[in-house]
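The following exercises concern a ligand site and the strand pairing of one protein model. Each task is followed by a worked solution.

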Amino acid sequence: MEAPPRALDLLPKVDLHCHLEGTMRPTTVVELARKNGVPLPTEDPAELYAYSSLDEFLAVFWLVQSTLADRDDWARLAYEAVTDSARHGVVHQECFVTPARHRDGGQHLGAVLSGIAEGLDAAEAETGTTCRLIVDMDRAFGPEAGRQLVEELVDLRSARSPGTERVIGVGMDSTELGVDSTSYAPAYDVARRAGLRLTGHQGENSTAQQVADCIDALGLERVDHGVPVLDSAVLTARMVEERIPITVCPTSNVVVAHCFDRLEDHVLPHMRAAGLLATVNTDDPALSDLDLGREYAAVSRAFGWGWEQMVQVALDGIEASWLDDSEKADLRALVAMTEEPSR
Ligand code: ADE
Ligand code: ZN
């Protein structure tokens, strides 16, 4: 029987696939748009949040991103992201930020990261929820822009620029259609040499072969989405054997990329039954009217997973995180202290 939603909201959880810009509250979208002179097609941006494809979603995501004009805006976004997720039991998150559009518009990566860090510092002090960053390349800007972004990030880290201490890895997101993601290998090489962790969105709108090619060519340590992995027995066996995590975003795969008509049709149960380290995450919670507590409840309901199974989902998220062993042990202890709800 499914677990009670309130208990799942309180269960300590990690979110490993969440776009910082996709956490922006609708009220904040309106206020920043006003402050920065960005025209919005409506006063209630939530009216825009219905998508028929990933690329249609990305147009809205880019509009939301365009409201972020200065360091203070990034600080506010980061503060609100963590205080909002903490209210739903998130104790640790590894958030993407995708600043290609902002760099193109003249913002400096150093200012973006130091603004985000200021917001995260304040939110962490208030909530205890930790947040680290993954700087994502935007595939709409091409592999050369991606390489330049990673080079700049590495230079800023060497100079100990504020906020870079929060960055643990790099990734890539945005459109998959017509893109050969392996062309991002030079950027990933720069990141690997600098000791950054490596992930990437693949398999939201592409094949199992493309996921396998990315693991091989880019050295991905995690795969973001990875929806078609089970289509390849060879890839599945490899990911099981090497425990390469998949950061699955079940509701997003229904409402953003339309990989499935209903949550009940999602392959997540088959992934987990096959032994894959398939975790549960939000993607763009504010743009799909979601939080991680509700996502756990939706998954529990759709697949009939009870408390023990949902606790295992939470523990798998901890395993898949890029925390060190003692940090993981601390989070596992938090989960263990959470009592099974009485009915
Ligand atoms: N950027 C923000 N959300 C995304 C998603 N679901 N897929 C690709 N790029 C994204
Ligand atoms: Zn995503």
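**Exercise 1: Polar contacts of the ligand**

Determine which side chains and which backbone atom approach the nitrogen atoms of ligand 1.

*Solution.* Step 1. An N or O atom in the side chain of Glu204 lies 2.6 Å from a nitrogen atom of ligand 1, a polar contact in the sense of a pair of N or O atoms within 3.5 Å. Step 2. For the side chain of Asp284, an N or O atom is 2.7 Å from a nitrogen atom of the ligand. Step 3. Ser174 contributes through its backbone, with an N or O atom 2.8 Å from a nitrogen atom of ligand 1. Step 4. Of the 260 Å² of accessible area that ligand 1 has on its own, the protein covers 100% (Shrake-Rupley method, 1.4 Å probe).

The model is predicted: local features need pLDDT of at least 70, side-chain atom pairs count only at pLDDT 80 or more, and totals for chains, interfaces and linings use all residues. Residues are numbered from 1 along each chain as its sequence is written, chains are lettered from A and ligands numbered from 1 in the order in which they are written, and side-chain values use heavy atoms, without hydrogens and water.

**Exercise 2: The shell**

Describe the residues around ligand 1 by class and by origin.

*Solution.* Step 1. The shell (residues with a heavy atom within 4 Å) includes His19, Phe57, Asp173, His201 and Asp283. Step 2. By class, four of its residues are nonpolar, four polar and four charged. Step 3. Helix α3 (residues 54-65) supplies the largest share, four residues; helices here are DSSP runs (H or I) of at least four residues, and strands (E) of at least two.

**Exercise 3: The sheets**

Establish the strand order of each open sheet and identify its edges.

*Solution.* Step 1. Five strands are arranged as β1-β2-β3-β4-β5 with parallel pairing, where a pair requires at least two DSSP bridges. Step 2. β1 (13-19) and β5 (197-198) each have a single partner strand, so one side of each lacks a neighbour in the sheet. Step 3. β1 is joined to β2 (residues 90-97) by five bridges, and Lys13 has Val90 as its bridge partner. Step 4. Four strands form another open sheet, β6-β7-β8-β9, also with parallel pairing. Step 5. Its edges are β6 (201-202) and β9 (278-280). Step 6. Two bridges pair β7 (residues 223-225) with β8 (residues 246-248), and Asp224 stands opposite Thr247.

Definitions and conventions. A polar contact is a pair of N or O atoms within 3.5 Å; within protein, one must be able to donate a hydrogen and the other to accept it, and residues adjacent in sequence count only if both atoms are side-chain atoms. Ala, Val, Leu, Ile, Met, Phe, Trp, Tyr, Cys and Pro count as nonpolar, Asp, Glu, Lys and Arg as charged, and the others, Gly among them, as polar.
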